[in-house]
Structure formats: C-alpha cells, structure tokens
Amino acid sequence: MIRLTGINRIFEVGDEKVHALNDVDLDVGAGEYLSIMGPSGSGKSTLLNLLGLLDRPTSGTYYLDDVDASSLSEDERATLRRDKIGFVFQFFHLIPRLTAFENVELPLTLAGVEPAERRPKVEAALESLGLMPRAAHRPEQLSGGQRQRVAIARATIMDPPVLLADEPTGNLDSASGSEVIDILEELNHRGITLLVVTHDEALGKRAKRRIHMVDGAIVEDVQQTPS
Amino acid sequence: MSPEDTLRFGYRSLTGYPTRTLLMLLAMSIGVTAVVLLTSLGEGARQYVLNQFSALGSNMVIVLPGRSETTGAAPPMVGATARDLTLEDALALYRSSAVRHVAPLIVGTANVSYAGLSREVMILGSTAEMQAVRELEMAQGRFLPPGEAERASNVVVLGAKVKREIFGNATALGEWVRIEDRRYRVIGVLSDKGQSLGAEISDTVFIPVASAQQLFNTEGLFRILVQARARESIPRAVEAAREIIRERHDGKDDITVITQDAVLETFDRILTALTLAVAGIAAISLGVAGVLIMNVMLVAVSQRTTEIGLLKAVGASGAQIMRLFLTEAAMLSLLGAALGIVLAYVGIWILGQMFPAFPLSPPNWALGAAVGISLVTGLLFGVMPARRAARLDPVQALSRR
C-alpha cells in the first residue's frame, strides 16, 4: 500500500538546514494499523504530511498504491489525495460557516459528484456516526467529540484506502477521545489502513504496529504479536 | 467542482462574513453609482443644449458681419474693416431658391415705458419673417405686419414678461407704449414659450426693423437669420449667402456664416468629451473600489488560511481554489454593480424631481461600462489574492489552529 524508500526532507530555516526526515524507509501493507510516536520535532508530523501528499520529499521515492507519488504534478497529487487519503486533524479543521452536513459533503462537492448522489452518501456517513440529528448544526454548535466525528465522516466520505490521523484525541476529553479511537479502529477493522500520530503512550500502544521516531529517523518498528 | 457548487460555495462565504461583504458591496456600488450618475448628468447637459438649439428654429443659417475663421464660436465683434450688413443685403438673399425666409435683426436696449412704469428692455428690430424663423408663438394679437421691410411703422410686439411687468393683468393690445422718445402701438404679445440660449425671448420686445434703425440710428444689421427650405438645402443656402453678399460688397468676403448644425456639432463634441471626462473621473472611484476588494480579499485569504489548507487536504487543486476566490470576487463586483445601478436610478429620480426640465437618463453604454469595469476591476484585483490562496502551503496552513 505505502512504500517509502530513502526519504529525506530538509527544511531551510534562515541559513540553517533542518533535517526533518533522515533516510526513512517504510513499508505499510493494506489494512495495517500503525502508530507513529516520538518527541516533538522528531519528524513524525512531517512524515504524516509526506504520506498525505501535502508535502514532497527532498529526495527519495514514495509509492502509494503502486503509483509513484513523488513524480506527480501538484494537480495530480490533489486528485490522488482526494481519492486515496483521508485526514483527521487535532483541531478538526471544519469550515465554521458550513453545517456538519456541508462539511462532510465538501470532498464530494470538490470531486464534482452530483448533488443527488451526494445526499444519500453524506446521510449514511452521518447516520453511521450517530450525527444525523446534528446534520444542520454548524461546528460551533457541536461538542469536541461531535466535531471530530464530523471530521472523520468527512475524511472517509470518499472511501479512501488510507486514513491519516494527527493527534486525533489531542483536543478531546478522555471519554470522547476513546469514542473517537473506537470509531477509527472500527474503520480499520473494515479494512482501512490507519496511521495515527500521537504523543499519547496509551493510544500508541493500541496499534498493532508501533513506530518510534527520534531526530527524523525511525529507531524502533515493533510489530505487536497478537496475544 | 460544478459551476453551481462553486457559486454556492462563494455565496456561502459571502454570507458567512456579512460585514466584510456589505462594506465591499458599498464601495463597489458607490463607484458604479458615480459612473452612472455622472454620465447621466453629462448626457443630460448635452441633451439640454441640443434642445435649446432646436428651440432656435430649424434649418437656420446665421449671417454675421465681419470675417471670422472660427466656426461655431461666439459671434465676432463687428470689426472696423468689415462693412455693415444692410437691410438691402438681407432682402437680396431671397434671390436664392434655397432660402425660404430671411429675417434681419437689429439688437439694442432701450427704455420702454407706459403710464409711469418704465423698464430697460432688449429691443429686437426685425420683420414678419422672424415669427416663422424662430417659431414664435403669439399669446394675443399678431406679430409684426408683413410687407415692406423698409417701412418704419410704429408698432410693437411685447414679450410675455415685459407685458406682465408693464401692464400687469390689464389689456395691452391697442395701447401705446413709449420707447425712448417715440410712441408705439402694441399689436401683439408673445406667448411664454420659454428661453433659448440664454436670451430670454419673453424679456424682449419686437419692433419693425426700419423703426429700430431709426431708434438706434444705425444702418447696419446685427445679424441676418436665414431659414433654408430644407435640411438638405442648408449648404446651398450658405453658399448663396456668401456669394450674394460678396457680390454686393464689391467682391469682399466680409461676412461669417454659421449654420446651426456647425454650432450643434461643436457643442455636441464638447459635451460628449465632457461626459467622457466625467465618466473617467468616476471610473477612478471604481478603481479605488477594486483596490478595496483586493485588500479585503487578501485579508480574507489570511483569515481563511486553515480553510484553504483544509480544502487542499481534501483534494482541491490550486486551480480550484483560485476559481473559488475569483468567483467570490466576481459575485461581489456584480452584486455591487447591480446595487450601484439601483442607487444611481434612485439618484436620477431624485434629481428629476428637483429639476424636471433637465433631461436625465444614463446612456446605455454607461450602464454597460459600469458593470464591465466593476467586473474587470473585481477580477483583476481578485487575481492576486486568489493566486496567493492557491499557492498556500497546506502544511503550514493546517499547522495553525
């Protein structure tokens, strides 16, 4: 599903060069559940942005679903992002003036799907996350957990094979946090490839495969043996 | 993304920030109002002057003593070298078949008095033909009697205002008024037709041209008004007037002939240029509105950084984001233009109520130009912010809250 080879990402901050990713190799199979952990500045968010095609590596190759993503143009990457990748962010990033329904609908709208086709899909997604009664509410009228669920619905509305979550519970209380994790894991059970970036040890340990990063390099890659 | 969805998205973001949207609409509509209103005023002034000219009478050719190279300018002063135009000169013009009427004119001011009331009035000495040439309407009685122009009969036709001021509501017909030291019998009163080119007809009196020659002790005419048979015969009439007078003035080309068309054309040109200049000035305010739109769109882009980052994350291409922002700018411009046109029409209606005599209506090109310019400025000034939005780095955009 995902194959990174010899990935480097160097930022230039003023005169200094920051080596955010240092020769990273990573293979992720379809349907895997990965957690990426590490201290701040270890490059885990940079890795996630690269995986999500929001950023490009300075060198190295990235195959996503057998497509060489590092050679694509900006627009091709946008299309690939739309079809193959779902994002869940720490700060939800819902558009404040749109309703929950419209926020979930957004990727379909951008993809040019007909309104008549969009409606049942969005309704089904909201229904499955128990958000149907909140469909017409704007984000400010929703609780944090509800907002993150709307974000998850939006991330999965295009049926992407890969779901990237950046500190998905970072802004939630523990009850709604575990609720969100349950939903993500449920999606993984149904076959989605799930990558979670987190500080939270407890959350990280739930993943079957755990990656630990320090200073832009993967220092630990543990496959949890089913017990 | 379908056009409807793009429009809907733009609409939602316009309604999502109502203050910003209203301010921009206001700026745009003021610009459009200025363009439409000012061009209407310019166009109105043009129409007004044209109407005034046609009130002078139709197919008119004016013959002035003295040679002048300018056309359509103010009549030249009677030069010392120029020979006077005489009554005989005027009557000779009838030799041309292109001429229908000839009305000689002598102008002067004199005291008109009746029963102790006295007023300084402009005296016009002319013949019966003047009525046809200037299309004068009578309120009472008749105009100067037709017949021999050389006969100095003591009759007078009063302008409406002069009649009012000297006689009040009393009957004027048949009364004798005194002009300077001569007595004239009132044979007619002009109707209050209005004014033409500043010289208010109602504030004048007409006496036979020969009487005026005696009164002012002059042979020379102030000018000769010639009415051509038709519009097409105006050039022939002009040519004939030149030739006949040259022949009579020992081969000297010492007159100036002005056609109404030449004067009209000049005024038309001047006023059209004026309208365009005023429209140009007003267009500057549209430009200012454009800069404002750019400014506000730039603020919108930085305000909505995370939104743009998110749109990119869920698969919007740079081109799509650019289109979204340009659509927003275009919607603002068009709405602003529509609002501006409504405001302009309200303004025109109010001015119309205040000055009913002044013809006010925006020329069609001004409406089109106003909408066009506002759309172009909106898009032009919208491009920069939209490009900035399209190029935004999604990683950085999303790293903020």
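The exercises below, each with a worked solution, concern a predicted model with chains A and B.

**Exercise 1. The six-stranded sheet**

Determine the strand order of the open sheet of six strands in chain A, and state which strands are at its edges.

Solution.
- Step 1. Reading across the sheet gives the order β6-β7-β8-β3-β9-β10 in chain A, and the pairing is mixed.
- Step 2. The edge strands are β6 (85-88) and β10 (217-223) of chain A, since each pairs on one side only.
- Step 3. With direction ignored, neighbouring strands of this sheet are turned by 15 degrees against each other on average.
- Step 4. For one pair within the order, take β3 (residues 33-37) and β9 (residues 209-214) of chain A: they pair in the parallel sense, over four bridges. I36(A) has I211(A) in β9(A) as its bridge partner.
- Step 5. Helix α5 (residues 144-156) of chain A lies across β6 and β7 (162-166) of chain A. Its direction is at about 170 degrees to β6(A).

**Exercise 2. A residue in an edge strand**

Classify V88(A) as buried or exposed, and list the residues that it touches.

Solution.
- Step 1. V88(A) belongs to strand β6 of chain A.
- Step 2. The cut-off for buried is under 20% relative accessible area. V88(A) has 1% relative accessibility and therefore counts as buried.
- Step 3. Leaving out residues up to four places away in sequence, V88(A) touches Q148(A), I152(A), A155(A), L163(A), L164(A), A165(A), D166(A) and P168(A).
- Step 4. R134(A) is 46 residues from V88(A) along the chain, and their C-alpha atoms are separated by 19 Å.

**Exercise 3. The hairpin**

Describe the pairing of β1 and β2 of chain A and the turn that joins them.

Solution.
- Step 1. β1 (residues 2-13) and β2 (residues 16-28) of chain A pair in the antiparallel sense over nine bridges.
- Step 2. E12(A) stands opposite K17(A) in β2(A).
- Step 3. The two strands form a hairpin with two residues between them. In the turn, G14(A) has a positive phi of about 65 degrees.

**Exercise 4. Positive phi outside glycine**

D66(A) and E167(A) have positive phi values without being glycine. Locate each residue and decide whether it is buried or exposed.

Solution.
- Step 1. Phi of D66(A) is about 65 degrees. The residue sits in the loop between β4 (59-64) and β5 (67-68) of chain A.
- Step 2. The cut-off for exposed is over 50%. D66(A) has a relative accessible area of 74%, so D66(A) is exposed.
- Step 3. Phi of E167(A) is near 45 degrees. E167(A) is in the loop between β7 and α6 of chain A.
- Step 4. With a relative accessible area of 11%, E167(A) is buried.

**Exercise 5. A serine in α6**

Which residue makes a side-chain polar contact with S176(A), and is S176(A) buried or exposed?

Solution.
- Step 1. S176(A) is found in helix α6 (residues 174-189) of chain A.
- Step 2. S176(A) counts as buried because its relative accessibility is 11%.
- Step 3. Its side chain is joined to that of D173(A) by a polar contact of 2.8 Å.

**Exercise 6. The interface of chains A and B**

Describe the contact between chain A and chain B in terms of residues, area and polar interactions.

Solution.
- Step 1. Chain A contributes 25 residues to the contact and chain B contributes 27 residues.
- Step 2. The buried area is about 2,300 Å², and carbon and sulfur atoms give 61% of it.
- Step 3. On the side of chain A, H93(A), R97(A) and L110(A) lose the most area to chain B, together 32% of what that side buries.
- Step 4. There are five salt bridges across the interface. One of them joins the side chains of E307(B) and R97(A), at 2.9 Å from N to O.
- Step 5. Seven residue pairs are in polar contact between the chains, with both residues at pLDDT 80 or more.
- Step 6. Helices α2 (74-84) and α3 (100-111) of chain A each supply at least two residues of the side that touches chain B. α3(A) gives the most, with six residues.

**Exercise 7. Helix α9 of chain B**

Why is α9 of chain B described as largely enclosed by the rest of the structure?

Solution.
- Step 1. The helix covers residues 305-313 of chain B.
- Step 2. Its buried residues are T305(B), E307(B), I308(B), G309(B), L310(B), L311(B), K312(B) and A313(B).
- Step 3. Eight of the nine residues are thus buried, so the helix is largely enclosed.
- Step 4. G315(B) follows α9(B) and has a positive phi, near 110 degrees.

Technical notes. Residues numbered from 1 in each chain as written. Chains lettered and ligands numbered in written order. Predicted model: local features only at pLDDT ≥ 70, side-chain atom pairs only at ≥ 80, totals over all residues. Heavy atoms only, no water. Buried < 20%, exposed > 50% of the residue type's maximum accessible area, 1.4 Å probe, protein only. Pairing = 2+ DSSP bridges. Axes fitted to C-alpha atoms, helices over the stretch in contact; angles between N-to-C directions. Contact = heavy atoms within 4.5 Å. Buried area = accessible area lost by both parts, 1.4 Å probe. Salt bridge = Lys/Arg side-chain N within 4 Å of Asp/Glu carboxyl O. Polar contact = N/O pair within 3.5 Å; in protein donor to acceptor, adjacent residues only side chain to side chain.
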